[in-house]
Amino acid sequence: RRINRVLITGAGGRIGGMLRTQLRGRYERLILSDIIPLKDIQPGEDVVTVDLKDGEAVRRACRDVDAIIHCGGNPRESPWPEILEPNIIGSINVWEAARHEGVDRVVYASSNHAIAFTRRSEMLDHRSAHRPDCRYGLSKAFMEDLAFLYAYKYGVRGFGMRIGSFTPRPVDARALSTWISPRDMAQLVSVGLTADYIHEIVFGISRNKRAWWDNSNAYRLGYDPQDEAEAYADEVGHIVGDDPIAEEFQGSRFVSMEFTADP
Ligand code: 15L
């Protein structure tokens, strides 16, 4: 099916905002949704202010949409209510709307924190079991399972990107493993918008030598990252935190915060 009308949720956020400019002019219409009113509306853009916990509003935003790029929600560890509404209820509303409005696919921002309660000595791939390292990571694990269910049961294709660290350049030693550059992020979303699949999980990282995640599933689907974090090794390789639990696990601070178990 041809993708003409694309909805970006969280279009005012860091990744959504980058995609808004990168995808400009590529589709007949970009529908941009955020909880905060968006400004500087360009030709080809429609802007809607939507709180993801409002199912009716989400459904309206999905009318006549071919694909959703779901970047909306809370991107941080937070108390339960602030995870439950935007991330859990919000995701349910997005996939319910996709199902009932006949949306072809949802390309969505999952996170490494769905699997990052894992020692840095271990390699994972797209088939590894969920190991959420915080409430936020658990909400992403839930979203992946939600996407799987709606793909196989209702035919809403799902493309889950377990994003590492999205910044203009790597910021510390951990990012030499987890970084994804803006242009690689944009390319990975394009793969999600064009490839043929039912539901897939890929890692949102550049071509990083020190990666902890085997991204062969993304490569198989056509992802060809142009950047590698290793190019910044001299610059940031010495930037290491002093929290031993954070440094031992892939999820870093997301693992060590509130950590009271025996390591
Ligand atoms: C995430 O999921 C966060 O949204 C982002 O701010 C970073 O902390 C990133 O993970 C990361 O693991 O570096």
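In which helix does Arg135 lie? In this predicted model, Arg135 is placed in helix H4, and the surroundings of this residue are described below, after an account of the overall architecture.

The protein is built from ten helices and nine strands. Its radius of gyration is 18 Å, close to the 18 Å that the globule rule gives for 263 residues, so the protein is as compact as a globular protein of that length. Taken along the principal axes, the box filled by the C-alpha atoms has dimensions of roughly 50 × 35 × 35 Å. Of the 263 residues, 56% count as buried, and the accessible surface comes to about 12,000 Å², with 50% of that surface belonging to carbon and sulfur atoms. Among the contacts with a sequence separation of 6 or more, 68% are accounted for by residues 24 or more positions apart. With regard to charge, the protein carries 33 positive and 38 negative side chains, and the centres of these two sets lie 4 Å apart.

Within helix H4, which spans residues 135–154, Arg135 has a relative accessibility of 19% and therefore counts as buried, the cut-off being under 20%. A polar atom of the Arg135 side chain lies 2.8 Å from the backbone oxygen of Ser78. Ser78 also appears among the contacts that Arg135 makes beyond its neighbours within four places in sequence, a set that comprises Glu77, Ser78, Pro79, Trp80, Ile83 and Glu258.

His113 is located in the loop that runs between strand E5 (105–111) and helix H4 (135–154). With a relative accessible area of 4%, His113 is buried, and its side chain makes a polar contact with the side chain of Asp133 at 2.7 Å. When neighbours within four places in sequence are left aside, the residues in contact with His113 are Arg131, Pro132, Asp133, Cys134, Tyr136, Gly137, Arg174, Gly251 and Phe254.

Strand E5 itself contains Ser110, which at 2% relative accessibility counts as buried. The contacts of Ser110, again without neighbours within four places in sequence, are with Lys140, Met143, Glu144, Met161, Arg162 and Ile163. Ser110 and Gly164, although 54 residues apart in sequence, are separated by 9.3 Å from C-alpha to C-alpha.

A further pairing across the sequence involves Ala229, a residue of the loop between helix H7 (216–220) and helix H8 (233–236). Ala229 is buried, its relative accessible area being 0%, and beyond its neighbours within four places in sequence it is in contact with Pro170, Ala175, Leu176, Trp179 and Asn208. The C-alpha atoms of Ala229 and Ser181 are 8.5 Å apart, whereas 48 residues separate the two in sequence.

Ile89, by contrast with these buried positions, is partly exposed, with a relative accessibility of 34%. This residue belongs to helix H3, which covers residues 80–100. Once residues up to four places away in sequence are excluded, Ile89 touches Leu52, Lys53 and Leu84. Asp54, from which Ile89 is 35 residues removed in sequence, lies 8.8 Å away in space when the distance is taken from C-alpha to C-alpha.

Backbone geometry was considered at two further positions. Most residues other than glycine have a negative phi. Asp64, which is not a glycine, nevertheless has a positive phi of about 60°. The position of Asp64 is in the loop between helix H2 (55–61) and strand E4 (67–70), where this residue is exposed, with a relative accessible area of 57%. Ser252 likewise has a positive phi, near 55°, in a residue other than glycine. The loop that holds Ser252 connects helix H9 (244–248) with helix H10 (253–256), and at 12% relative accessibility Ser252 counts as buried. The two loop residues with positive phi thus fall on opposite sides of the burial classification, Asp64 being exposed and Ser252 buried.

Terms used: Residues are numbered from 1 along each chain as its sequence is written. This is a predicted model: local features need pLDDT of at least 70, side-chain atom pairs count only at pLDDT 80 or more; totals for chains, interfaces and linings use all residues. Side-chain values use heavy atoms; hydrogens and water are left out. Helices (H or I, at least four residues) and strands (E, at least two) are DSSP runs, numbered from the N terminus. The radius of gyration is taken over C-alpha atoms; the globule rule is 2.2 Å times the number of residues to the power 0.38. Buried means under 20% relative accessible area, exposed over 50%, partly exposed in between (1.4 Å probe, protein chains only). Contact means heavy atoms within 4.5 Å. Accessible areas come from the Shrake-Rupley method with a 1.4 Å probe; for residues, only the protein chains shown count as cover. Lys and Arg count as positive and Asp and Glu as negative; His and the chain ends are not counted. The place of a charge is taken as NZ of Lys, CZ of Arg, CG of Asp or CD of Glu. A polar contact is a pair of N or O atoms within 3.5 Å; within protein, one must be able to donate a hydrogen and the other to accept it, and residues adjacent in sequence count only if both atoms are side-chain atoms.
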